[in-house]
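Hi there,

Here is the structure I promised to pass on to you. Have a look at it first, and then read on for what turned up in it.

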Amino acid sequence: MSFYLELMATAEDGGKSKIILVDEPGVSLHARAQEDVLKVFENIRQRIQIIYTTHSPHLVEMNKLHRVLAVQRDEIDSPVSSTRILDPLSLSSASPDTLTPLQCIMGNPLSTERFSSRRFNLVVNDTGTFYLFSAILKLMEFKGRINLIPSTNISSIPLMCNVLMGWGLDFAVLLFRSARENQIAEDLKSTIFSTDGTSGEFILRMPSDFLNSEDLLSTLDFKNHILRSRVGITVPNSVYIHENYLPRNFLLSQFLSDVNSGRLKFSDLDEETLENFEMFTDILRGLKLNRN
């Protein structure tokens, strides 16, 4: 604790810019305290640049994965191997051990996301969609009381629905038109929602043109604001990401960061993208967002 008090005092001290390196700041701290450390770092980041190492998922923020650099040996099993640093766009080549903290935070939303009894819970197919939808709601200045919940993967959506129903919370599931999500929609209708006939209220479907959330962006905006590259694209955005093995979660996390920071504004997007975003928010407006 004394170290972090001293760190905050250092941040208040004017003068030239400082860079502080911290090795494993979460050692000997329980999970809640590690999250408090993140808050300290975030509060002083405009005055001090902090670079820290960690193996703890509690010291990696879900909506700031674009800040992460992974470090690993070129030859995993060799103690004398050279070391390489992987930026967020290269993490697909990292070893499973290197990615463990990130896999924990992206693979356990039941423990990292707070379900809400005061807002309408909307289950989405994965973390990447959570990032993009969060950005859309901010760009469109959406006023509805929506709490987005990312599923670990599409196949775990029925489990999450069971949990939400068991807790008596208001919720719906939004599904795209991929083959897997079409099957999940049918499974939900025939199992969880089969007894009360209210599946239409709980299962929201996107139009057939959209296989995943990134398809809501026009090809031009996808290239400019997601890929940041002038590549030729002749397939849907989601297919391009899949076929080229791109780190989808990190790309969409960066998009959310640009929106939150003000680097990307409503006026930067073209008409096609904005029409799709408006269509998405219209779907949300059709929900019963206010509890009785």
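**What was found**

The chain folds into 12 helices and eight strands. Please keep in mind that this is a predicted model. Of the 292 residues in the chain, 47% are buried. Among the contacts with a separation of 6 or more, 68% are made by residues 24 or more positions apart.

**The strands**

A good place to begin is strand β1 (residues 18-23), which runs parallel to strand β2 (residues 48-53) and is joined to β2 by six bridges. Within this pairing, I20 stands opposite I50 of β2. With helix α2 (residues 31-44) added, β1 and β2 make up a right-handed β-α-β unit.

Next, look for the open sheet of four strands, whose order is β6-β5-β7-β8 and whose pairing is parallel. Which strands are at its edges? They are β6 and β8 (203-205), each of which pairs on one side only. From one strand to the next, the twist averages 30°. As a general reminder, the strands of a sheet pair through backbone hydrogen bonds, in either a parallel or an antiparallel way.

Inside this sheet, five bridges link β5 and β6 in the parallel sense. There you can find N121 standing opposite N147 of β6. Helix α5 lies across β5, β6 and β7, and runs at about 160° to β6.

**The cores**

Helix α5 comes up again in the largest nonpolar core, where α5 gives the most, with eight residues. This core has 41 residues, and those with the most contacts inside it are L122, F133, I146 and F255. At least two residues of the core come from each of β5 (120-124), α5, β6 (146-150), β7, α9 (219-227), α10 (237-243), α11 (248-261) and α12 (271-285). There is also a second, separate core, which has 18 residues, including I149, I157, L164 and A185.

**The aromatic residues**

How many aromatic pairs does a search of the whole structure find? The count is six. One pair to look at is F133 with F176: the ring centres are 6.1 Å apart and the planes are at 35°, so this pair is tilted. F133 lies in helix α5 (residues 127-139), whereas F176 is in the loop between β7 (171-175) and α7 (179-190), so the pair ties together parts that are 43 residues apart in sequence. Are these two residues buried or exposed? Both F133 and F176 are buried. Together with F280, they form one aromatic cluster. If you want a single residue to start from, try F133, since you will meet F133 both in this cluster and among the residues with the most contacts inside the largest nonpolar core.

**One more residue to find**

Finally, have a look at V239, which is found in helix α10. V239 has a relative accessibility of 23%, so V239 counts as partly exposed, the cut-off for buried being under 20%. V239 and N212 are 27 residues apart in sequence, and their C-alpha atoms are 9.0 Å apart in space.

I hope you enjoy exploring it!

Best wishes

Notes
Residues numbered from 1 in each chain as written. Predicted model: local features only at pLDDT ≥ 70, side-chain atom pairs only at ≥ 80, totals over all residues. Heavy atoms only, no water. Phe/Tyr/Trp six-rings, centres within 6.5 Å; stacked < 30°, edge-to-face > 60°. Buried < 20%, exposed > 50% of the residue type's maximum accessible area, 1.4 Å probe, protein only. Core = buried A, V, L, I, M, F, W, Y, C linked by side-chain atoms within 4.5 Å. Pairing = 2+ DSSP bridges. Right-handed = clockwise from strand over helix to strand, strands pointing away. Axes fitted to C-alpha atoms, helices over the stretch in contact; angles between N-to-C directions. Contact = heavy atoms within 4.5 Å.
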